[in-house]
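Me: I have a protein model open and want to understand how its helices pack. Can we go through it step by step?

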Amino acid sequence: MVWGCMASNGVGNLVFIDGIMDHKLYVDILNYNLKKSAQKLGLDGNFISQQDNDPKHTARNAKMYCLFPCKQQLHTPPQSPDINVIKNLWPTLETAVQKHQIRNKAHLKQVLQEEWDKIFPDTTKKLVESVPRRLEDIIKAKEHATKHRHCLCM
């Protein structure tokens with residue numbers, strides 16, 4: 001499993017998770033990597049954190065942690081590629097990784113990191129700028145699937 005974040009001007013850090021991520025590990029990841037990613041992207045606390053309602057995101061300790069570094073939060077339903085644009089970035093990464101002959105887990109991690117680092121800010125900018133259109137599509141669809149639900153999330 002991997003954890004990553006993005007903004008309109010690029011991708012943040014990519015974190016590799018061996019095993020199952022629970023709310024404690026999630027808070028540890030946020031504590032170190034969210035701050036580092038925000039600095040890398042030049043956001044310095046001026047960003048909106050978007051999380052879905054996955055139990056590890058809604059756990060009390062995760063909510064409490066997010067009160068300080070993530071002053072602006074947008075909560076979305078689980079498995080919502082219509083709204084959560086990073087869910088549409090994962091297939092881009094997956095497609096790039098599939099072009100490699102992966103030999104083992106270490107090689108997979110290396111390739112994932114290399115391909116993650118190749119994601120252009122233009123890609124993330126287009127995804128972020130697509131949010132108003134996505135919201136309009138959701139309203140028009142009246143609880144039915146939209147064209148954004150085709151992605152396979154990693």
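Me: Which residues in α6 meet Val131, Pro132 and Arg134 in α7?

Reply: This is a predicted model. Helix α6 covers residues 121-129, and helix α7 covers residues 131-141. The α6 residues that meet Val131, Pro132 and Arg134 of α7 are Leu127, Val128 and Glu129.

Me: How do the residues of the contact of α6 with α7 divide?

Reply: Leu127, Val128 and Glu129 of α6 face Val131, Pro132 and Arg134 of α7 in this contact. No polar residues take part. The division is 4 nonpolar and 2 charged.

Me: What term describes how α6 and α7 lie to each other?

Reply: The two helices pack at an angle of about 40°, with their axes 5 Å apart. Angles under 35 degrees count as roughly parallel, and 65 to 115 as roughly perpendicular. The angle fits neither range, so α6 and α7 are oblique.

Me: Is the crossing of α4 and α5 left-handed or right-handed?

Reply: Helix α4 spans residues 90-98 and helix α5 spans residues 105-117. Their axes come within 9 Å and cross at roughly 125°. That makes α4 oblique to α5. The crossing is right-handed.

Me: Which elements do the buried residues of α4 pack against?

Reply: In α4, the buried residues are Trp90, Pro91, Leu93, Ala96 and Val97. Trp90, Leu93, Ala96 and Val97 also belong to the contact with α5, where the partners include Leu108 and Trp116. That contact has 8 nonpolar residues, no polar and 1 charged. The buried residues of α4 pack against α5, β1 (2-7) and β2 (10-16).

Conventions
Residues numbered from 1 in each chain as written. Predicted model: local features only at pLDDT ≥ 70, side-chain atom pairs only at ≥ 80, totals over all residues. Heavy atoms only, no water. Axes fitted to C-alpha atoms, helices over the stretch in contact; angles between N-to-C directions. Helix = DSSP H or I, 4+ residues; strand = E, 2+ residues; numbered from the N terminus. Parallel < 35°, antiparallel > 145°, perpendicular 65-115°, else oblique. Left-handed = near helix turned anticlockwise from the far one by under 90°. Contact = heavy atoms within 4.5 Å. Nonpolar A, V, L, I, M, F, W, Y, C, P; charged D, E, K, R; others polar. Buried < 20%, exposed > 50% of the residue type's maximum accessible area, 1.4 Å probe, protein only.
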